[in-house]
Amino acid sequence: MAPNQVSDPVPLVNSLDSIYSKAGVLKNGKRWDDLASKFADAYDGLKPDFIARAPGRVNLIGEHIDYVGFSVFPAAVEKDILMATKVTLAPAGGSSDSVEVVLKNTTTRFAETSFTSRYDSVDGVQLLNSGDSRWANYFKVAFKGLHSHLPSSVLDASNPSRPVRIQVLVDGTIPPESSLSSSAAMTTCSSIVILESFSARSLIDRKEMAEVAIESERLVGVNSGGMDQSASIFGIPDHALYISFYPELSVEPTKLPQSDTEHTFVIVNTLVVSDKKVTGPVNYNLRVVETRMAARALAKGLGLGSGNGCKDLRGVLETYFAENGGVGRLELEIENSGAVKETLEKSGEEAARIKVLEEKVESLYHDDTLKAGLTRQQVEELTGYSGEEFDKEFLSSFPIRADKFELYKRSKHVFTEALRVLQFRSLCNSPSPDVYRQLGSLMDDSQSSLRDLYNCSCDELNTVIDIAKRNGSLGSRLTGAGWGGCTVHLVPKKKVEVFISAMRTQYYAKRFEGKGLSEDELNDACFDTKPAGGACVYKV
Ligand code: NG1
Ligand code: MG
């Protein structure tokens, strides 16, 4: 089978050498060896049966459009979460009606915790407890998420591989709440541990694994899209991933032009923590809701039905072309718009369809009053949803807090960003001599849009990006959700040193006044990265 097919299970690897080549994790050999001995220290001399790995990701372009249904362009990174695991089965002839999960972490920041799940009830997994053991929720939701996907034979008492105890030691190198997807790596790695513990890894393919991890993560309270979990599962060394969610999840590994010789991606962490589980109601989850309102408003403006097809902006695009005669419709639009024609010629049909919708957004929000933030009453008028129906459609899934809703700005960002992803991908696939400058300029445009239209940048992100642009970066943007966390920069290799030293003196020294960062802290906060491989299980 070709590697990295959506229908493959998460790969099982038997030697560290094959992990290094499959996962592209070149620098961390010792860490894997050390983890087995740390496990023995943590669990009375026991040896783990396996170590599961799930990496974080950096998104190169395509921000805040995964939950709307448009394609994104991330890469898995070397930083990851490892879980060394020991599985204890019921003694021969015996069985147990529950499984105890013990979770320890190599850092004391995350306190040891455990929970018990009854096999006959998913409610046995008690969700969202507070305090120090909050990090264990990721494991719990993975457990809960998998319940409905596992064949009953796996959970059944007659299954001799049904564990009574799963002991885990977690070791992570992804800085938490920094937009490199430590949370998705936790959920994904937990799912893999559970599958492997039940000897069920090969029963669920990677596509379903990603879908389970996406659903599971929503149970933690973030209304997220599916980019991070997919990147973690499908990563390939030296490849970015063009990930599509429509009509279903698919992944196209894409080589970056001459990436290892002349240019590299540098990640710079602002060290501003953004925890969506806390701030979601006023930022991430609110944006998800605004894009849903924007979809309903656009559908109504275009005279489309109010069916489920128009729940998100991607759905509106598909419905518009389906209800209006498909290809014939696009031809008509081309006759009416020079910009659509130009987009078609430069970037192809899908891009042209996106451009059409961008223009529809402009006509719907045709004056300044409509372009500004809208009150609930204005949104009710635009969407046709009011009263209880409005609450049910927009306010029932996750709590949000807002006086105004920015439907124009959010829609405009979504369609222009979706277009930039397609342009980025075609530049990678057929590079011109000037390709890096062009890729960089798409990244810059993405950042302006995130800052001005999506309002998810912040002062520290803007400062880092200004410093980057003055010190050799060809393209700089926030990566992940924003409001803090990390930035990604396309930098010629020969300028990396100057670039990093500028960050040290112009950003970190000022942010941590007088003290700056130690060498280790700097290496951890500001580093160049290569696309790495995805999740795997290593048999110890
Ligand atoms: P980060 O910043 O890694 O938490 C989030 C979402 C993604 C995507 C990006 C914005 C989660 C787990 N991930 O990423 O799905 O929407 O923001 O593009 O919430
Ligand atoms: Mg996250």
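**Note on a predicted model with one ligand shell and two domains**

1. The residues of the shell around ligand 1 comprise five nonpolar, nine polar and five charged. In this division Ala, Val, Leu, Ile, Met, Phe, Trp, Tyr, Cys and Pro are nonpolar, Asp, Glu, Lys and Arg are charged, and the others, Gly among them, are polar. The model is predicted: local features need pLDDT of at least 70 and side-chain atom pairs count only at pLDDT 80 or more, while totals for chains, interfaces and linings use all residues. Residues are numbered from 1 along each chain as its sequence is written, and chains are lettered from A and ligands numbered from 1 in the order in which they are written.

2. Ligand 1 is surrounded by 19 residues, of which S179, S224, G225, G480 and A481 are the closest. A residue is counted here if its C-beta atom, placed from the backbone, lies within 6 Å of the molecule. Two elements, α5 (182-197) and α7 (227-234), give two or more residues each to this shell.

3. The protein chain contains 21 helices and 13 strands. These are DSSP runs numbered from the N terminus: helices are H or I with at least four residues, strands are E with at least two.

4. Two annotations come from an unreviewed UniProt entry. "Domain: GHMP kinase N-terminal" is placed at residues 151-235; the chain there is 48% helix and 12% strand, with end C-alpha atoms 27 Å apart. "Domain: Galactokinase N-terminal" covers residues 38-85, a span that is 10% helix and 52% strand, with end C-alpha atoms 12 Å apart. UniProt positions follow the numbering used here, feature names are shortened, and annotations may be inferred rather than shown by experiment.

5. The chain is divided into domain 1 (12-260 + 532-539) and domain 2 (278-455), with bounds from an automatic or database domain assignment. Their C-alpha centres lie 32 Å apart. In domain 1, 21 residues are in contact with 29 residues of domain 2, a contact being two C-beta atoms, placed from the backbone, within 7 Å. The side of domain 1 that touches domain 2 has 12 nonpolar, seven polar and two charged residues.

6. On overall form, the C-alpha trace spans about 75 × 55 × 50 Å along its principal axes. Among contacts between residues at least 6 apart in sequence, 72% join residues at least 24 apart.
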